[in-house]
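Here's a quick briefing to read with the structure open beside you. Have a look around first, then work through the topics in any order you like.

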Amino acid sequence: MLVPPECQHAPLEGSDLTSQKTTQTAMSVSAKAVAKTPILVLEEHPLLRDGIINCLNAQPDLMVCGEADNIRDARNEITKCKPQLLVTALRLGTGDSLEFVKALKAEKPALLILVYSAFEEAIFAERTLRAGAEGYVMKTAPKEELLAAIREILSGNIYVSRNVAMRAFKKSLESRPDSRSAPSAIGIEKLSDREMHIFNLLGSGLGNTQIAHSLSLSVKTIESHRENIKRKLDLSCSRDLVASAKKYVEETFLPAAKVALAMRGKKKVVSFPAA
């Protein structure tokens with residue numbers, strides 16, 4: 001008796017071959033389902049850190065593999081969980097985040113870094129990217145922007161807000177010698193990253209000895225930086241320097257410190273991280 005061609009090689013339902021194919025298909029689907037990007041979160045405030053972690057873990061393509069509240073622990077977690085992306089706050093107190101980003105990119109150039117901060121993005125976004133980060137997001141941004149920034153970075157691009165991008169674009173168009181961008185009130189863009197760090201610490205009320213201890217530098221080095229800052233900002237004395245620094249912190253940081261915790265739908269005031 002002749003067997004129809006379509007039936008000659010068809011495995012019987014329940015046979016080993018059918019079972020094997022079903023298992024392989026299930027394994028393939030399962031592998032795709034668990035393919036999530038490992039992320040490390042560095043944030044000193046537990047409530048904010050938990051909010052970010054919960055938000056990221058709720059995404060189908062993201063997974064928080066570790067968390068830390070200081071740079072030393074973050075380094076250990078990076079070695080342990082090998083994240084593809086580091087999401088870190090910008091800290092200008094104990095532990096310099098910009099210096100950390102620079103050192104980390106030199107050691108692990110493949111590690112992607114997204115920095116978020118309450119500090120003025122017009123100044124710190126560019127500095128953060130120059131340090132080696134792939135993106136900068138304000139703490140006041142909604143969670144949707146944080147997620148958009150992460151996915152933009154994971155796709156191989158950099159991320160800054162539209163305002164920062166437009167400002168950079170306009171600046172690139174200023175080709176005439178007499179073209180000048182609007183200067184800041186005190187010319188703070190002239191300061192180096194280290195000088196900016198010290199300027200913010202002065203504005204938060206720290207003295208030379210406290211700043212030196214915080215940054216693991218000598219008091220003499222801090223005094224030298226202060227003199228350079230005064231010269232660049234055209235300030236005549238130390239009293240004017242401190243007053244200018246305090247005014248800057250009050251006008252640029254404190255209004256933005258009322259951070260909307262979009263992940264929890266609540267608000268929390270974050271104090272200036274002086275030390």
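What follows is a short tour of the sheet, the helices that pack on it, the nonpolar cores and two loop residues.

Keep in mind that this is a predicted model. At its heart for this briefing is an open sheet of 5 strands, ordered β2-β1-β3-β4-β5, with parallel pairing. β2 and β5 (135-138) sit at the edges with a single partner strand each, so one side of each has no neighbour in the sheet.

**The sheet**

- On average, neighbouring strands here are turned by 25° against each other, if you ignore direction.
- Strand β1 (residues 37-42) and strand β2 (residues 62-68) run parallel and are joined by 6 bridges.
- If you want a spot to click on, L40 has G66 in β2 as its bridge partner.
- Over at β5, the pairing with strand β4 (residues 112-117) is also in the parallel sense, and it spans 4 bridges.
- V115 is a handy marker there, standing opposite Y136 in β5.
- As background, strands of a sheet pair through backbone hydrogen bonds, in either a parallel or an antiparallel way.

**Helices on the sheet**

- β1, α3 and β2 together make a β-α-β unit, and it's right-handed.
- α3 lies across β1, β2 and β4, and runs at about 160° to β2.
- Helix α7 (residues 143-154) packs on the sheet as well, touching β1, β2, β3 (85-89), β4 and β5.
- The direction of α7 makes about 155° with that of β4.

**A closer look at α3**

- Helix α3 covers residues 46-57, which is 12 residues.
- From first C-alpha to last, α3 reaches 16 Å, close to the 16 Å expected at 1.5 Å a residue.
- Its buried residues are L48, R49, G51, I52, I53, C55 and L56.
- Take I52, which lies in helix α3: it counts as buried because its relative accessibility is 3%, and the cut-off for buried is under 20%.
- I52 and V41 are 11 residues apart in sequence, while their C-alpha atoms are 7.8 Å apart in space.

**Nonpolar cores**

- The largest nonpolar core has 39 residues, and the members that touch the most others are L86, I113, F124, Y136, F199 and I211.
- Helix α9 (residues 193-203) gives the most to this core, with 5 residues.
- There's also a second, separate core of 23 residues, and L48, L56, A89 and Y116 are among them.
- Which residues is I211 in contact with, leaving aside neighbours within four places in sequence? They are I198, L201, L202, L206 and I222.

**Two loop residues with positive phi**

- K82 has a phi near 50°, a positive value in a residue other than glycine.
- You'll find K82 in the loop between α4 (71-81) and β3.
- Is K82 buried or exposed? It counts as exposed, because its relative accessibility is 62% and the cut-off for exposed is over 50%.
- D234 isn't a glycine either, yet it has a positive phi of about 60°.
- Look for D234 in the loop between α11 (219-232) and α12 (238-253).
- D234 is exposed too, with a relative accessible area of 70%.

Notes
Residues are numbered from 1 along each chain as its sequence is written. This is a predicted model: local features need pLDDT of at least 70, side-chain atom pairs count only at pLDDT 80 or more; totals for chains, interfaces and linings use all residues. Side-chain values use heavy atoms; hydrogens and water are left out. The expected span of a helix is 1.5 Å times one less than its number of residues. Buried means under 20% relative accessible area, exposed over 50%, partly exposed in between (1.4 Å probe, protein chains only). A nonpolar core is a set of buried Ala, Val, Leu, Ile, Met, Phe, Trp, Tyr and Cys residues joined through side-chain atoms within 4.5 Å. Contact means heavy atoms within 4.5 Å. Two strands pair if DSSP finds at least two bridges between them. A crossover is right-handed if, with the strands pointing away from the viewer, the path from the first strand over the helix to the second runs clockwise. Axes are lines fitted to C-alpha atoms, for helices over the stretch in contact, and angles run from 0 to 180 degrees between N-to-C directions.
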